[in-house]
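Welcome, and please open your viewer. We will walk through this structure stop by stop, with something to select at each one.

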Amino acid sequence: MSNFLNLLAAGVTAGAIYGVFAACIAIWFRVSNVLNLAIGDFAMLGVLGVAELSQVDHWNLAVSILVDLVGVGLLAWLFDWLVLHFALDRGQADHGIVTVFFYTFALSLGIEGVTLAVLGTDVRSAPAFWNGPALEVADFHVQRAGLLVIGLAIVVGILLWTYLRTTVSGRAASACGESVIGSRIVGIDAARYRRWLFVATAVLAALFGIVESPMNGFTYSSGPTISLLGVVAAGFAAFRRPGRAVVIGLALGIAEALIGGYVSTSYNDVILYAALFALIVFQPRVLGLSTVPT
Amino acid sequence: MVDGNAIVEASEVSVRYGKFLAVERASLSLRRGECVALIGPNGHGKSSFVNALCGLVARRGEVRLDGALVAARDPKSALRAGLVLVPERRHLFPALSVRDNVLLGGYAKNRRVRADRAFADVAEVMEVFPELAPHLDRPAGALSGGQQQMVALARAMAARPRIVVLDEPCLGLAEAVSRRVYEWLTMMSRQELTILLVEENPVQALEVADRAVEMYKGVLDDPEVVAAVQQAEVSAS
């Protein structure tokens, strides 16, 4: 029983991480109709940046985090201004799923390449915010970083829910992805919503990476796996429902932990790819794969 | 020439899509409380003209509302001045509820308040559309075409417009629903709302309009130009 509870706790922690990345993907897709395949790379950039500044350059941790998050936000803002703005706001063409896919995929590859060149291949993590051994209640062990991750996920979930459900601005953000022309007619600046939510989700991903990195180290190539998990979880939520994406992310994390514990950790990837397969088979429309040639 | 009682003054408005000139130097003024029908065949620039008035497409020429210039390609500028468009094919937010669609009509004024307060602010609009009351929490995309048109009208009224531009409001609707739209138009024109009604069908449009102007080949109601264009067509054929 205690083994099960410990695996469950590990699964909830991992699931909270997947859930938040999935929510970031879902909320931005809701506004822009574009998948953010670079979300994991923003997390990686957050972790490696803080590790470099605080451990190699010996900056104060708070300053390192602040500078790092501002840098990630600035990068996201620049990408929107230099690429997405020209691609989405000025062109009149109806962008197909493949074209849209490559905007952020290219960003992901770019971040990975530059990070590899500048910071190398070492596994790194940001310093822990809450040092000490795992907390124990009877036979139940929870890592302190895991508790921080779960707490942060709950706070983010509540804030997102409040924003989308109770504010006019949240409704307007949803409206942008529903109809660009409709949103312009009522005076909503869809490009502005897209830009600021892209920046906000990039910063949030970096923050989550920093908080969870003491449990799992990051390398320059950690981003795509995180992004893929987020995309799978968000895909089951039709890419537009952050709340459901969090639940699916949690389920993926728990399934991964239980199978890793009772079967083998080698099967963790099987979970991911089985979920992706199920998504393609049962939810092909949200991936733009259901069009039948006529 | 400036009409002292004009609320909308569009002068020499041209719209071009690449090499194609959709609207050529069209001028139109609307007096306060007037209902004007903009008629003409499909594909002759009516929608392009009203989209240019409302700042949705790039244009040449000037649009003034009560003397103040409305910026080109800036729908917010037109909205601030009280000019609201009910577009062809409605362009609602299909996955959002009817309530959300209507409250977003008042987005320009209420964007910083809570959603429930924003809806309360525009709730009186719903009194004009009692048929929508049972559907407030349903997604707009799940409603019939006629109900969706009512949502589009309610969304426009939530912006508290001074001028409403309706682009083919009865396109694709059943006869009974078209009647309902025209009842609403009649009621609004009695309330001194300024209306520009784009219609392909002049007979229907003139039921409510005070006057009609015709757009033909992107040219607005200059009888000599229209006749010249038609003559050129006859000669060519």
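The tour below starts with chain A, crosses to chain B, and ends in the nonpolar core.

**Before you start**

This is a predicted model, in which local features need pLDDT of at least 70, side-chain atom pairs count only at pLDDT 80 or more, and totals for chains, interfaces and linings use all residues. Residues are numbered from 1 along each chain as its sequence is written, while chains are lettered from A and ligands numbered from 1 in the order in which they are written.

**Stop 1: chain A as a whole**

Select chain A and switch to a cartoon view. You should find eleven helices and two strands; here helices (H or I, at least four residues) and strands (E, at least two) are DSSP runs, numbered from the N terminus. Trace chain A from the N terminus and you meet the elements as α-α-α-α-β-β-α-α-α-α-α-α-α. Chain A has a radius of gyration of 19 Å, close to the 19 Å from the globule rule for 294 residues, so it is as compact as a globular protein of that length. That radius is taken over C-alpha atoms, and the rule is 2.2 Å times the number of residues to the power 0.38.

Now rotate chain A: its C-alpha trace spans about 60 × 45 × 40 Å along the principal axes. Of its 294 residues, 48% count as buried. A residue is buried if 20 or more other C-beta atoms lie within 10 Å of its own, exposed if 12 or fewer, and partly exposed in between, with C-beta atoms placed from the backbone.

**Stop 2: where chain A meets chain B**

Show both chains in two colours. How many residues of chain A are in contact with chain B? There are 17, and they meet 25 residues of chain B. Two residues are in contact if their C-beta atoms, placed from the backbone, lie within 7 Å. On the side of chain A that touches chain B, helix 6 (168-178) and helix 7 (180-185) of chain A are the elements that give two or more residues. Helix 6 of chain A gives the most, with seven residues. By class, this side of chain A has seven nonpolar, seven polar and three charged residues. Ala, Val, Leu, Ile, Met, Phe, Trp, Tyr, Cys and Pro count as nonpolar, Asp, Glu, Lys and Arg as charged, and the others, Gly among them, as polar.

**Stop 3: the two domains of chain B**

Colour residues 1-82 + 162-237 of chain B as domain 1 and 93-160 as domain 2; these bounds come from an automatic or database domain assignment. The centres of the two domains, taken over C-alpha atoms, are 25 Å apart. Eleven residues of domain 1 of chain B are in contact with eight residues of domain 2 of chain B. On the domain 1 side, helix 2 (75-80) and helix 7 (175-190) of chain B are the elements that give two or more residues.

**Stop 4: Ala158(B)**

Zoom in on Ala158(B), which lies in helix 6 (residues 145-158) of chain B. Is Ala158(B) buried or exposed? Ala158(B) is buried, because 27 other C-beta atoms lie within 10 Å. Leaving out residues up to four places away in sequence, Ala158(B) touches several residues, including Val102(B), Leu103(B) and Val122(B).

**Stop 5: the strands of chain B**

Find the open sheet of six strands in chain B, with the order 6-7-8-3-9-10 and mixed pairing. Two strands pair if DSSP finds at least two bridges between them. Strand 6 (83-86) and strand 10 (219-220) of chain B stand at the edges, each with a single partner strand, so one side of each is left without a neighbour in the sheet. Within this chain, strand 7 (residues 163-167) and strand 8 (residues 194-199) run parallel and are joined by five bridges. One pair to select is Asp167(B) with its bridge partner Val198(B) in strand 8 of chain B.

Next, select strand 4 and strand 5 (residues 68-69) of chain B, which run antiparallel with two bridges. Their hairpin has two residues between the strands, and Asp66(B) takes a positive phi near 50° there.

**Stop 6: the nonpolar core**

Finally, show the largest nonpolar core, where Phe21(A), Ala22(A), Ile25(A), Leu83(B) and Leu197(B) touch the most other members out of 170 residues. Such a core is a set of buried Ala, Val, Leu, Ile, Met, Phe, Trp, Tyr and Cys residues joined through C-beta atoms within 7 Å. Helix 1 (residues 2-32) of chain A supplies the largest share of this core, 18 residues. Both domain 1 and domain 2 of chain B give residues to this core, so it lies between them.
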